[in-house]
Amino acid sequence: MIRMAITRRPGANFADGITTRTGSIPDIALAQRQHEIYCRILREVGIEVLELPPALEFPDGCFVEDTAVITPELAVISRPGATSRRGETREIRSILGEIRPTAEIRSPGTLDGGDVLIAHREVFIGLSGRTNTEGARQLAELLAPMGYRAKTISVPEGLHLKSSVTQVDENTLLLTDNLSRHPAFRDFRRWVAAPGETCACNCLWINDHLLVPDGFPETRRRLDRLGSPVIAIDSSEFRKMDGGLTCLSLRL
Ligand code: CIR
């Protein structure tokens, strides 16, 4: 049961963040509305949401997931791979430090929370443009004493591992065709996103509800069969900045 989430509202300079999607500039007012709806839905599924104000020095600051990896036992403060995002961890470290024991990824390690998928006691760590082998090694070492087993996976496409695979129920992963054959995931039931709907892979399964990005009807039809209530959320403006539903919160 997730009791609390930390989010940060997108600021007026949200469009100055990093993106690979040239030519699609986010509408700030719409992003702010979509963010409000996201926070409201988290509250509706029983979560207390700590909404931080925009941090104008960090246009990507609303993607708070990248700043930490949280387990019930420990919060590991990340060291984001993009130098423009490193400072985002400062305030998150002090908030999490009040709530949970903390540890840190240290230089030369880099790690973005979006590259880390924890399901049961398995920690899947994506090696991407943001997370390097040293960051992955440090995270694995920090979590091992609590019984977590880490596996690294080369991120074949998209920004982060969780752009292409997320957990959608206790034993099911929603993933891209490419990743579905990866041996690291063989103990899970694997559902491939419908053709042309790979952006639907970033879902958020939380408190027995499944939050899915709006606009991917075929994948949604499949997810409806899983049994958890499915809630579609329009995250179009975050997608323009390479973000999705998991990116917008830290959950604990
Ligand atoms: C970035 O490039 O860092 C941001 N524009 C998007 C981060 C998305 N975060 C995530 O998938 N966890």
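In this predicted model, E197 is a buried residue, its relative accessible area being 9%. The residue belongs to the loop that runs between β11 (189–192) and β12. Once neighbours within four places in sequence are set aside, the contacts of E197 are with F216, P217, E218 and T219. For one of these partners, F216, the separation from E197 amounts to 19 residues in sequence and to 6.0 Å in space, taken from C-alpha to C-alpha.

The largest nonpolar core comprises 21 residues, and those with the most contacts inside it are L42, F63 and L211. Two elements, α1 (28–44) and β12 (204–206), give two or more residues each to this core, and the largest share, five residues, comes from α1. The surroundings of L42, with neighbours within four places in sequence left aside, bring together A5, T7, I47, V49, L204, I206, L211 and S249, each of which is in contact with L42.

Helix α2 (residues 89–99) has T89, I92, I95 and L96 as its buried residues. When the helix is viewed down its axis, these residues fall within an arc of 130 degrees, and they therefore line one face of α2. The face turned away from this buried side carries R90 and E98, which are exposed. The cover over the buried residues of α2 includes the strands β1 (4–8), β2 (48–52), β3 (68–70), β4 (75–77), β5 (102–104) and β15 (250–251).

Enclosed space was examined next. Two cavities of 30 Å³ or more are present in the structure, and the largest of them holds about 90 Å³ of space. This cavity is lined by 13 residues, of which F63, R85, L159, M241 and D242 are the closest to its centre; by class, the lining consists of five nonpolar, three polar and five charged residues. F63 thus appears both among the core residues with the most contacts and among the residues closest to the centre of the largest cavity. The second largest cavity contains about 50 Å³ of space, and its lining is formed by R8, R9, P10, G11, N13, P54, A55, L56, F58, P59, G61 and C62. Seven of these lining residues are nonpolar, three are polar and two are charged. A55, one of the residues in this lining, is situated in the loop between β2 and β3 and is buried, with a relative accessible area of 15%. Between the C-alpha atoms of A55 and T152, which lie 97 residues apart along the chain, the separation is 32 Å.

Open pockets were considered separately from the cavities. The volume of the largest pocket is about 990 Å³, and of the 33 residues that line this pocket, I2, I118, Q167, W205 and R251 are the closest to its centre. At least two lining residues are supplied by each of β3, β6 (116–119), β9 (165–169), β12 and β15, with β6 giving the most, namely four residues. In terms of class, the lining of the largest pocket divides into 17 nonpolar, eight polar and eight charged residues. The second largest pocket encompasses about 320 Å³ of space. Of the 22 residues in the lining of the second largest pocket, R21, G158, S163, C199 and D242 are the closest to its centre, and the lining as a whole has four nonpolar, twelve polar and six charged residues.

D242 is accordingly listed among the residues closest to the centre of the largest cavity and also among those closest to the centre of the second largest pocket. The residue is placed in the loop between α6 (236–239) and β15, and at 15% relative accessibility D242 counts as buried. The backbone of D242 has a phi near 70 degrees, a positive value in a residue other than glycine. A positive phi, of about 65 degrees, is also found at D208, which is likewise not a glycine. D208 has its place in the loop between β12 and β13 (209–213) and, in contrast to the buried D242, counts as exposed at 53% relative accessibility. A further backbone feature concerns the peptide bond from S107 to P108, which is cis, with omega near 5 degrees; P108 is located in the loop between β5 and β6.

Conventions:
Residues are numbered from 1 along each chain as its sequence is written. This is a predicted model: local features need pLDDT of at least 70, side-chain atom pairs count only at pLDDT 80 or more; totals for chains, interfaces and linings use all residues. Side-chain values use heavy atoms; hydrogens and water are left out. A nonpolar core is a set of buried Ala, Val, Leu, Ile, Met, Phe, Trp, Tyr and Cys residues joined through side-chain atoms within 4.5 Å. Buried means under 20% relative accessible area, exposed over 50%, partly exposed in between (1.4 Å probe, protein chains only). Contact means heavy atoms within 4.5 Å. The arc is that of the directions from the helix axis to the C-beta atoms. On a 1 Å grid over the protein atoms alone, a cavity is a set of points where a 1.4 Å probe fits but cannot get out, and a pocket is an open set with protein on both sides within 12 Å along at least five of seven lines; lining residues have an atom within 4 Å of a point. Grid points are joined across faces, edges and corners, and a volume is the space filled by probe spheres set on the points. Ala, Val, Leu, Ile, Met, Phe, Trp, Tyr, Cys and Pro count as nonpolar, Asp, Glu, Lys and Arg as charged, and the others, Gly among them, as polar.
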